[in-house]
Amino acid sequence: MTQPSKIDFRIHAIDAGSDDGGRVVFHRVLSALVGIEHPTATDIRADPGDWGIDVMVGSLADSILIWQSKYFYDKLGDSQKKQIRESFASAMTHATTHGYAVDAWTLCVACEVSAPEKKWWDTKVREWSKLYPHVQFDLWDAPRLRRKLMSPEAHPVWAEFYGPNKDILEARKTGSEPAPVAAPLSLDETPTYDRALFVRQMTVAGISEMDAQRHAYFNADLLVRDITARSVPAQLAAIAEIDAVLLGSWEDAVADPATAPNAENYEPSARKLFSAVMKETRGVVAPVELPLRAIHTRGLMHRIVEDARAGWVHDWRDVAKRVDSSDPGELVT
């Protein structure tokens, strides 16, 4: 999974194994983004040429808006600039030949542009604007594309091309999708876990009612053991993803002054942190290849605490060290 703000568009070439393959996927991402703002947008197939149009909105019998896709993920060098000039010239020539107007021409590239490259672009726009004053020009570079992918409206586009389920969605097209695992759930008597770190962390936070918490940990532990035994890569990745999301929720809550634990209000602040984080577990959406119950996500948070990667009191690391160094038969106080 790649968050929208961290997307490096060269990943398409890496995934496809070639720049040509990456170019196709980048074009599809662009077309999908244009379609959010313009539902009537369409692509033009080269047959034999595309009239200088990659994605368009409008009518070829009247006037159109053009988006030109250039999969340049490194820089705008002399070769890339030549291709851009040729694409614009082709678009304007075919518009004149076939009797329609170009109202806007947007260049879309997969890289950040340097200051000299931006100056070149701005200079060309000024030059072209004198020749074609009715054409509006725009540049969608990598930062602009990332910001578009960060918008709520673009979430389906991000999910398909970069999100946690993109691999499983692709697998469905080829029939190679791993079968979702039924998350195991046990209603048997739950161990007390008296010497477990996750129980100790709740104890020092002043939390005394723990039956449901122990039950959640027990079922999450069953789940992880089952997934580990199956060793299906997509399901192992799903567990790792949920783990990262839960740990991130805890980190966010610790960073928030309203829920950060402190020494002055030792137990009350710890219980506030615990309550805030556990409420967040309810909103965790499991990847499609690993359907989970709410009890599992809650228990997976307890597993993070049990692994000494989080805690509820402000000195949770010290608590973890004391429990780790205690004798098996003694209860740390």
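**Helices, a sheet and two unusual loop residues**

Helices α10 and α12 are roughly perpendicular to each other. In this predicted model, the axes of α10 (residues 233-255) and α12 (residues 294-306) come within 10 Å and cross at roughly 70°. This angle counts as roughly perpendicular because that class covers 65 to 115 degrees. On the α10 side, the residues that meet the other helix are Ile-242, Asp-243, Leu-246, Leu-247 and Trp-250. On the α12 side, they are Thr-297, Leu-300, Met-301 and Ile-304. By character, the residues of this contact divide into 7 nonpolar, 1 polar and 1 charged. A general property of helices helps in reading such lists: an α-helix has 3.6 residues a turn, so residues three or four places apart point the same way.

One residue of this contact may be followed further. Leu-247 is found in helix α10, and its relative accessibility is 18%, so Leu-247 counts as buried; the cut-off for this class is under 20%. Which residues does Leu-247 touch, leaving aside its neighbours within four places in sequence? Leu-247 is in contact with Ile-304, Arg-309 and Ala-310. The positions of Leu-247 and Val-277 may also be compared: they are 30 residues apart in sequence, and their C-alpha atoms are 9.4 Å apart in space.

The next element to consider is the sheet. Strands of a sheet pair through backbone hydrogen bonds, either parallel or antiparallel. Here 5 strands form an open sheet with mixed pairing, in the order β1-β2-β3-β4-β5. The edges are occupied by β1 and β5 (136-140), each of which has a single partner strand, so one side of each is left without a neighbour in the sheet. At the β1 edge, β1 and β2 run antiparallel and are joined by 2 bridges. Thr-42 has Met-56, in β2, as its bridge partner.

Helices accompany this sheet. Helix α2 (residues 19-37) lies across β1, β2, β3 (63-70), β4 (101-109) and β5, and runs at about 145° to β3. Helix α3 (residues 78-98) also packs on the sheet, where it touches β3, β4 and β5; the direction of α3 makes about 160° with that of β4.

Two cysteines deserve attention. Are Cys-108 and Cys-111 buried or exposed? Cys-108 counts as buried because its relative accessibility is 0%, and Cys-111 counts as buried because its value is 1%. A disulfide is a covalent bond between the sulfur atoms of two cysteines. How many disulfides does a search of the whole structure find? The search finds 0 disulfides.

The loops hold two residues with a notable backbone angle. Trp-51 has a positive phi of about 60°, although Trp-51 is not a glycine. This residue is placed in the loop between β1 (42-43) and β2 (55-58), and Trp-51 counts as partly exposed because its relative accessibility is 30%. Tyr-193, likewise not a glycine, has a positive phi of about 55°. Its place is the loop between α7 (166-174) and α8 (197-204).

The loop of Tyr-193 leads to helix α8. This helix is mostly covered, with 7 of its 8 residues buried. The buried residues are Leu-197, Phe-198, Val-199, Arg-200, Gln-201, Met-202 and Val-204. After α8 comes Gly-206, whose phi is positive, near 85°.

How values were computed. Residues numbered from 1 in each chain as written. Predicted model: local features only at pLDDT ≥ 70, side-chain atom pairs only at ≥ 80, totals over all residues. Heavy atoms only, no water. Disulfide = S-S within 2.5 Å. Buried < 20%, exposed > 50% of the residue type's maximum accessible area, 1.4 Å probe, protein only. Axes fitted to C-alpha atoms, helices over the stretch in contact; angles between N-to-C directions. Helix = DSSP H or I, 4+ residues; strand = E, 2+ residues; numbered from the N terminus. Parallel < 35°, antiparallel > 145°, perpendicular 65-115°, else oblique. Contact = heavy atoms within 4.5 Å. Nonpolar A, V, L, I, M, F, W, Y, C, P; charged D, E, K, R; others polar. Pairing = 2+ DSSP bridges.
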